[in-house]
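Open the structure in your viewer and keep the selection tool at hand. The stops below go from the whole chain to its pockets.

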Amino acid sequence: MEHLTLGPFTRATGTVRLPGSKSISNRVLLLAALSEGETRVRDLLDSDDTRVMLEALRTLGVAWRKDGDDYVVTGAAGAFPNKSADLFMGNAGTAIRPLTAALALQGGSYRLSGVPRMHERPIGDLVDGLRQIGAQVEYQGTEGYPPLQLRPSTIRIDAPIRVRGDVSSQFLTALLMTLPMADGPGGRIEIEVVGELISKPYIEITLNLLARFGIDVQREGWSRFIVPARSRYRSPGEIFVEGDASSASYFLAAGAIGGGPVRVEGVGMSSIQGDVKFAEALNRMGANVMAGSNWIEVRGTERDDGRLNGIELDCNHIPDAAMTLAVAALFAEGATTLTNIGSWRVKETDRLTAMATELRKLGATVEEGADYLRVSPPTEWTSPAEGIDTYDDHRMAMCFSLACFGPVPVRINDPRCVGKTFPEYFEVFGQVAR
């Protein structure tokens, strides 16, 4: 399917059971692989990114099997059986970054590569951190980017490891997830974050999951983390993967724009994912929001014209879900300004430029800065004959599905790219949009 035309629709209502979180799924798979014992993973996301991680683990000699809807992973107790492998990681940042760090401590020879866009996504700050402790990591293409070649090395930690926090939180996550396997002076390893740490909620997810696998990381604010050295990851036996809070944002926004009620199940007040705070942003825009421990429900605004209110928001706490706000801004009164979103530029595509380009196609006035986006809704909607380009980026496709609640039909190009995290997205969306 080369393109999909949606709408125009006038109403959204229904209940959606969310697929598992990508961020949690790939973290859990790697931690289960590093653990002692067997881990039963329930509600694992079935998508391109998790398949990449599962295939990589199998290539490394980690045994896993499908048991009904569950995945059962037999941990390797910190040591992957295979000490040589060529791993293709697609465009899965949540897989290649922590796996690179884990492999650097394995004493083997490994090559990691991906699709062309992966070779444009920076990994240099993580590599710099690993080289500080003696890891031999070589770039096989452009300096600072995959593909990578890792060679056997002697790991030595005698000083705090410094890593930049202002490009991607996944670099810190990778170190936090794998350094417990290393030896450190006094039985502890310190990580210092240089600069402001972005996407802090994703680090919260990492720390929460590490605790589930027996690793207690201490932190001093968001600038210093103390990891217990020579630790053993212990399987919790069974672990459930929450529904994906980023994916929830599209349906919650649909409820706000299309009147609702739209309820998502699988995430709620008890979620460990920062993107659940997207519901608070919708509330600020005038939508009616209700939530329980495992569900969130959104209805439209009380305004007579049904429009949302434009807002200004620092989006550091909801970096992925903030993209959904950019499209919701089409349905707001006044401009919406999203700040602190520079990390968009190093995702599956340069999302800042991509979002600005495609919003303009619909008639919006958009100001794009280095780390912000200001969106004023269309005075007259347009339906571009060439369609909305998605840049092989699942979130671009899902975000722009919301434009179908405008007065014109919207053509989404390459809708299959949603397979990265939510292969059935458009089928599920079609059950809500009327």
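The tour starts with the whole chain and then turns to two pockets. Keep in mind that this is a predicted model.

**The whole chain**

Select the protein chain and show it as a cartoon: twelve helices and 24 strands make up its secondary structure. Its radius of gyration is 22 Å, close to the 22 Å that the globule rule gives for 434 residues, so the chain is as compact as a globular protein of that length. Switch to the C-alpha trace, which spans about 65 × 45 × 40 Å along its principal axes.

Next, show the surface. The protein chain exposes about 15800 Å², and carbon and sulfur atoms supply 45% of that area. Of the 434 residues, 60% count as buried. For contacts between residues at least 6 apart in sequence, 73% join residues at least 24 apart.

**The largest pocket**

Select Gly 20, Asp 43, Val 241, Glu 242 and Gly 243, which lie nearest the centre of the largest pocket among the 31 residues that line it. The space in this pocket is about 670 Å³. Now select residues 200-212: this is helix H6, which gives the most to the lining, with three residues. By type, the lining divides into 14 nonpolar, nine polar and eight charged residues.

**The second largest pocket**

Which residues should be selected to find the centre of the second largest pocket? Its volume is about 250 Å³. Of its 15 lining residues, Ile 257, Asp 305, Gly 306, Phe 331 and Phe 405 are the closest to the centre. Colour the lining by type to see eight nonpolar, five polar and two charged residues.

Notes:
Residues numbered from 1 in each chain as written. Predicted model: local features only at pLDDT ≥ 70, side-chain atom pairs only at ≥ 80, totals over all residues. Heavy atoms only, no water. 1 Å grid on protein atoms, 1.4 Å probe; cavity = no way out; pocket = protein on both sides within 12 Å on 5 of 7 lines; lining within 4 Å. Points joined across faces, edges and corners; volume = space filled by probe spheres on them. Helix = DSSP H or I, 4+ residues; strand = E, 2+ residues; numbered from the N terminus. Nonpolar A, V, L, I, M, F, W, Y, C, P; charged D, E, K, R; others polar. Rg over C-alpha atoms; globule rule 2.2 N^0.38 Å. Buried < 20%, exposed > 50% of the residue type's maximum accessible area, 1.4 Å probe, protein only. Contact = heavy atoms within 4.5 Å. Areas by Shrake-Rupley, 256 points an atom, 1.4 Å probe, with all protein chains shown as cover.
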